[in-house]
Amino acid sequence: MTTSSVDQSVEEGSKVDLERSTIFWLKPGIVKIYYKDGNELSIQDHREIFETVRAKYGTKKVKLLLTAGDWVSHSKEAFKYSTSKEVMQFCICLAMIVDSPGKQLVGNFFLKIFRPAAPTKFFKNEEEAFNWLESFPVL
């Protein structure tokens with residue numbers, strides 16, 4: 001699905017399937033991004049995700065829940081883009097699911113090198129992450 005086919009009226013509880021990720025509209029202002037198994041995400045993949053979220057929310061800030069399948073990686077350019085001012089200006093906070101040592105390693109690298117401009121925290125499960133995201137006001 002291309003971003004041009006995403007309708008701003010997409011209902012909460014629905015999802016958008018992209019080639020290497022799935023975007024879930026969980027609640028108003030809370031977006032879950034699932035990176036599909038066995039993919040290396042490029043800057044183009046991250047741009048497509050960002051443009052899809054922007055198509056729904058416009059300039060409103062959102063809370064992000066990031067989770068990944070097995071054997072997922074991101075190019076350096078993709079990480080850099082994801083933490084750029086262009087993207088982070090629309091992010092209230094970022095929760096990352098790290099349910100394996102490999103994902104913890106990637107997450108620590110992400111935080112140490114790219115330092116997101118929004119509050120960012122790791123969680124072992126989605127319920128804890130979701131509760132943390134809900135503790136932030138919708139802007």
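Colleague: Which residues touch the most other members of the largest nonpolar core in this predicted model?

Modeller: Ile23, Val31, Ile33 and Tyr35 do, in a core of 26 residues. The elements that give two or more residues to this core are E2, E3, helix H1 (43–57), E5, strand E7 (91–97) and helix H4 (101–114). E5 gives the most, with four residues.

Colleague: What other core lies apart from this one?

Modeller: One of eleven residues, among them Ile92, Phe123, Ala129 and Trp132.

Colleague: Let's turn to E3. Why is strand E3 said to be largely enclosed by the rest of the structure?

Modeller: Five of its six residues, in the stretch 30–35, are buried, so the strand is largely enclosed.

Colleague: What makes E2 and E3 a pair of strands?

Modeller: Pairing needs at least two bridges, and six bridges join E2 (residues 21–27) to E3, so they count as paired. The two strands run antiparallel. For example, phenylalanine 24 has lysine 32 in E3 as its bridge partner. Two residues sit between the strands of this hairpin, where glycine 29 takes a positive phi near 85°.

Colleague: And how do you know that E3 pairs with E5?

Modeller: The cut-off is again at least two bridges, and E3 shares six with strand E5 (residues 62–68), so these strands pair too, in the parallel sense. Here valine 31 stands opposite leucine 64. Leaving aside neighbours within four places in sequence, valine 31 is in contact with residues including Ile23, Trp25, Val53, Tyr57 and Leu64.

Colleague: Now for some single residues. Why is serine 82 called buried?

Modeller: Buried means under 20% relative accessible area. Serine 82 has 16%, so it counts as buried. This residue belongs to helix H2 (residues 76–82). Beyond its neighbours within four places in sequence, serine 82 is in contact with His46, Val87 and Met88.

Colleague: How do you know that cysteine 91 and cysteine 93 are not bonded through their sulfurs?

Modeller: A disulfide needs sulfur atoms within 2.5 Å. The sulfur of cysteine 91 is 6.4 Å from that of cysteine 93, its closest cysteine sulfur, and this is too far for a bond. Cysteine 93 is in no disulfide either. The whole structure holds zero disulfides.

Colleague: Are those two cysteines buried or exposed, and what makes them so?

Modeller: Cysteine 91 has 7% relative accessibility, so it counts as buried. Cysteine 93 has a relative accessible area of 0%, which also lies under the 20% cut-off, so cysteine 93 is buried.

Note on methods. Residues numbered from 1 in each chain as written. Predicted model: local features only at pLDDT ≥ 70, side-chain atom pairs only at ≥ 80, totals over all residues. Heavy atoms only, no water. Buried < 20%, exposed > 50% of the residue type's maximum accessible area, 1.4 Å probe, protein only. Contact = heavy atoms within 4.5 Å. Core = buried A, V, L, I, M, F, W, Y, C linked by side-chain atoms within 4.5 Å.
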